[in-house]
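Here are some short exercises to work through with the model open beside you. Try each task before you read its solution.

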Amino acid sequence: MSPTVPRIVMKFGGTSVADLDRIRAVAEKVRKQVEAGCEVAVVVSAMSGVTNRLVGYCRDLSATHDEREYDAVVSTGEQVTSGLLAIALQKLGINARSWLGWQIPLRTDNAHGKARIESIDGTALIESMRAGQVPVVAGFQGIGADGRITTLGRGGSDTSAVALAAALKADRCDIYTDVDGIYTTDPRIVTKARKLDRITYEEMLELASVGAKVLQTRSVELAMKERVRVQVLSSFTDGPAPSEGHLPGSLVVDEDEIVEQEQVAGIAYSRDEAKVSVRQLPDRPGIAAAVFGPLADANVNVDMIVQSTGDDGMTNMTFTVGKTDLARAISVLESTHATTQYAELQTDDSVAKISVVGVGMRSHAGVASTMFRTLAERNINVQVISTSEIKVSVLIAAEYTELAVRALHAAYGLDAA
Ligand code: ADP
Ligand code: ASP
Ligand code: MG
């Protein structure tokens, strides 16, 4: 290969491959890059709605289904689109071939349902690209050490794409989706959201981890670690003309590439968590470990945590878990009752976590108090709070999600003019 041939990974999300017309349009986008002289590897998601349906089938059969079988089922959506896009590309005269996770192979750990990528052998893919072929990789899936298909957690095709870009030493990883970039908040709920030409890895990582679905958290983590240049673009439009002075999409970059740093870069929300309260636990050393240890052993991620202690030698623990882990969390907590001896277990899945994120918070005080004041003015009750160096999150009733995000977006001066 001549060193001047650019190599890119193009990833297309669910809406971008939602039907055959969209798949044809994606094939045209790929053709453009091939004709421009790039070596291209493509990563696809399942057609929009398909993964939800497959997840629903598993859940309806059993709330505590075997995760290995869940992976066998939900990974199929991407198999379909990788084959269909390969056919669409072949129809345009492009030499294309579908690749499943095990064929690459893309190896993961055995955490079925939310597996982590351990290694990607890029040899066969690079050979195929050098031979003029366009590999169309099924995103979201890999092969575990147990030899079975694994999936990478919801939104995992982003991570497949970034990991592949790193393994193939690609010059860029272009994530094509249904919005034209990364915005100050979800443009679908705040019409005044502004597109960011650039955002730091750190802020994008934090925004993704608190619910901004535009990129999966692990994809940003990996991009940051492997120095992959990630760009988010619309698969529907070609973006504004260069003369308008803006990038067509959004680039995820290092902090020193950002000229003006705002106090708050963005706001995210998540309705994917549920609140769990374990009430009236004996207040003794080791009680937190007795509650959270078994949850960790069962692969249940716990997020926000508060412990409130009364005068009666008892304590309450309130925390959040992913909604999809709620049934598992309850059954784990019930099985610990002999040691934890709690009086009551309460759950609430009508909650939303609202987070404000910005590296500017390190040097500006008052971000949290602005958040609390703004929510108080709207009469929105804060149930749990958690903070990190560049983030403040609150848990509120789900019905106030839009109201809270819009009010905060205005309060931090993020609204578009
Ligand atoms: P895909 O299927 O292409 O992976 P996703 O639905 O996973 O697409 O992610 C794109 C969606 O992310 C957008 O449609 C938008 O509603 C949502 N989103 C949430 N926060 C943001 C944000 N800050 N900027 C852009 N999009 C966001
Ligand atoms: N199809 C998978 C999902 O819906 C993976 C992805 O879209 O990235 O979560
Ligand atoms: Mg996605």
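**Exercise 1. Find the polar contacts of ligand 2 (pairs of N or O atoms within 3.5 Å).**

Solution. Start at Glu-78: an N or O atom in its side chain sits 2.6 Å from a nitrogen atom of ligand 2. Next, go to Gly-155, where a backbone N or O atom is 2.8 Å from an oxygen atom of the ligand. Finally, a polar backbone atom of Ser-157 lies 3.0 Å from an oxygen atom of ligand 2.

Before going on, note that this is a predicted model, in which local features need pLDDT of at least 70 and side-chain atom pairs pLDDT 80 or more, while totals for chains, interfaces and linings use all residues. Residues are numbered from 1 along each chain as written, chains are lettered from A and ligands numbered from 1 in written order, and side-chain values use heavy atoms, without hydrogens and water.

**Exercise 2. Describe the shell around ligand 2 (residues with a heavy atom within 4 Å).**

Solution. List the members: Ser-45, Ala-46, Thr-51, Glu-78, Phe-140, Arg-154, Gly-155, Gly-156 and Ser-157. Then sort them: two are nonpolar, five polar and two charged, with Ala, Val, Leu, Ile, Met, Phe, Trp, Tyr, Cys and Pro counted as nonpolar, Asp, Glu, Lys and Arg as charged, and the others, Gly among them, as polar.

**Exercise 3. Which residue spans does UniProt list for "domain: ACT"?**

Solution. The unreviewed entry lists 276-350 and 356-417, in the numbering used here; such annotations may be inferred rather than shown by experiment. Now compare the ends: the end C-alpha atoms lie 11 Å apart in residues 276-350 and 20 Å apart in residues 356-417.

Notes
Helices (H or I, at least four residues) and strands (E, at least two) are DSSP runs, numbered from the N terminus. A residue is near a molecule or strand if one of its heavy atoms lies within 4 Å of it. A polar contact is a pair of N or O atoms within 3.5 Å; within protein, one must be able to donate a hydrogen and the other to accept it, and residues adjacent in sequence count only if both atoms are side-chain atoms.
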